[in-house]
Structure formats: structure tokens, C-alpha cells
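Please open the model in your viewer and keep the sequence panel beside it, since the tour moves from the whole chain to single residues.

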Amino acid sequence: MKRINTTYFAILGLLRIKPMSAYELVKFSKESIGLFWNESYGHIHKSLKQLELEGAVKIVEETTSGRQKKVYGVTEQGCDQLDSWLAQAPEEPVMRNELLMKVFVAKESQIPQLMSYIKAELEGSRGVLEVLAGINAAVNSMESKQAQLWLLTLDYGERYIRMTIEWCEHALNILSKEDRGHRYE
């Protein structure tokens, strides 16, 4: 069965929050939902063009002086499509983690390199946790059902990052031991 292009629905959902340009969509998504959804500028730009052709979004502001900027807003038709998608059960997530793939297929001689990757993941995850704490403080000051929904997704992200930190620490402990047997405790 073909998977639904969730990029379209993510764009519609973000535009329902506020009208944005393609660049603003990329920036906003990195700062808010980047832990579980991200796309390149090119993919978002292409998707916006398709959504515009289908009537799901429209240009609500356009500047031509200097750098051209098109700000898109979601149409009533786009809101209907988004609501229809929201009413469907989510598809099973597809997990892709290059670090885990490298750990799985590496040879013992590559353990030092893997450890450097794991250390980088650990430090990056700690940094993300700090960023999420700042976002949490900002969103926590809002009092609305929408803020509660955002806090729930933020909570998932924080828990996921904490699990990643815990796994990285565990993996480094295991891989740093001289006896690299098959037993994990």
C-alpha cells in the first residue's frame, strides 16, 4: 500500500497556525517540530507549488522588491483536507537511524570510530534537550488547548532525547570495556 504524502498535511497544519513563506516554514519546523518532521527547503517549495495548484493553499502576500517572497496561507479546501487527514488513524512510523545501522553492521575494528559517532550524538542530544527546555518554558506560559497539544509533542521529544542520551551513555560504557562479549547488563 502506498504511503500518504504527509509533507502536504504537515505544511497545511503549519500554515493553519500562521501564513508563512517556504523559508519560514523550514525555519519554523526546525524550531518546533524538527525532532519528528523535517524537510528540505526544495521539498517544501515544490510541495507548496503543488498545494497551490490543487487549491489547498494560496499566496496571501507577495513582495517583489529585492528578494521575491511569497507568503502562503491555507484555504478552506486545504483546511478540509487537513481535517480529513487528522480524522484518519496514523500510519505505522518508519524509523531510519543511520547511527544504529552503522553500529549494527560495523566490524570490531571500527568500534573507535563508532564511539566517536556515539559521543557526537550524545553531545548533540544534550544540546537539543537544552533547546527544548527553552521552548517548554515559552509554551508553558501560554494558556490554551493548542499550547497543551504543543506541550504533549514537546514532552515526547524530551523523553525521546533523554532515552537517546541514556542509550549513548550505555553504549559508550559497553564499547569502552576491553571484554566486548555479548552480555549486556
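Among contacts in the chain between residues at least 6 apart in sequence, what percentage join residues at least 24 apart? In this predicted model, the share of such contacts that join residues at least 24 apart is 57%.

**The whole chain**

Begin with the entire chain in cartoon view, where you will find seven helices and two strands, and follow these elements from the N terminus in the order α-α-α-β-β-α-α-α-α. If you then turn the C-alpha trace along its principal axes, its spans come to about 65 × 40 × 40 Å. The radius of gyration of the chain is 21 Å, whereas a compact globule of 185 residues would have one near 16 Å.

Next, switch on the surface, which has an accessible area of about 13,100 Å², with 55% of that area belonging to carbon and sulfur atoms. Of the 185 residues in the chain, 28% are buried. Colouring by charge brings up 23 positive and 25 negative charges, and the mean positions of these two sets lie 4 Å apart.

**Helix H4**

Now select residues 76-86, which form helix H4, and show the side chains of its buried residues, namely Gly78, Cys79 and Leu82. Looking down the axis of H4, you will see that these buried residues fall within an arc of 100°, and therefore line one face of the helix. As a general point, an α-helix has 3.6 residues a turn, so residues three or four places apart point the same way. To see what lies over the buried residues of H4, add helix H1 (6-17) and strand E2 (69-74), which are among the elements that cover them.

**Helix H6: two residues to compare**

Move on to helix H6, residues 111-140, and pick out Ser125 within it. Is Ser125 buried or exposed? Its relative accessibility is 4%, and because buried means under 20%, Ser125 counts as buried. Selecting its surroundings, and leaving aside the neighbours within four places in sequence, you will find Ser125 in contact with Ile161, Thr164 and Ile165.

Finally, select Pro112, which also has its place in helix H6. In contrast to the buried Ser125, Pro112 is exposed, with a relative accessible area of 57%. As a last step, draw a distance between the C-alpha atoms of Pro112 and Phe36: these residues are 76 apart along the chain, and the two atoms are separated by 29 Å.

Definitions and conventions. Residues numbered from 1 in each chain as written. Predicted model: local features only at pLDDT ≥ 70, side-chain atom pairs only at ≥ 80, totals over all residues. Heavy atoms only, no water. Helix = DSSP H or I, 4+ residues; strand = E, 2+ residues; numbered from the N terminus. Rg over C-alpha atoms; globule rule 2.2 N^0.38 Å. Buried < 20%, exposed > 50% of the residue type's maximum accessible area, 1.4 Å probe, protein only. Contact = heavy atoms within 4.5 Å. Areas by Shrake-Rupley, 256 points an atom, 1.4 Å probe, with all protein chains shown as cover. Lys, Arg positive; Asp, Glu negative; His and termini not counted. Charge placed at Lys NZ, Arg CZ, Asp CG, Glu CD. Arc of directions from axis to C-beta.
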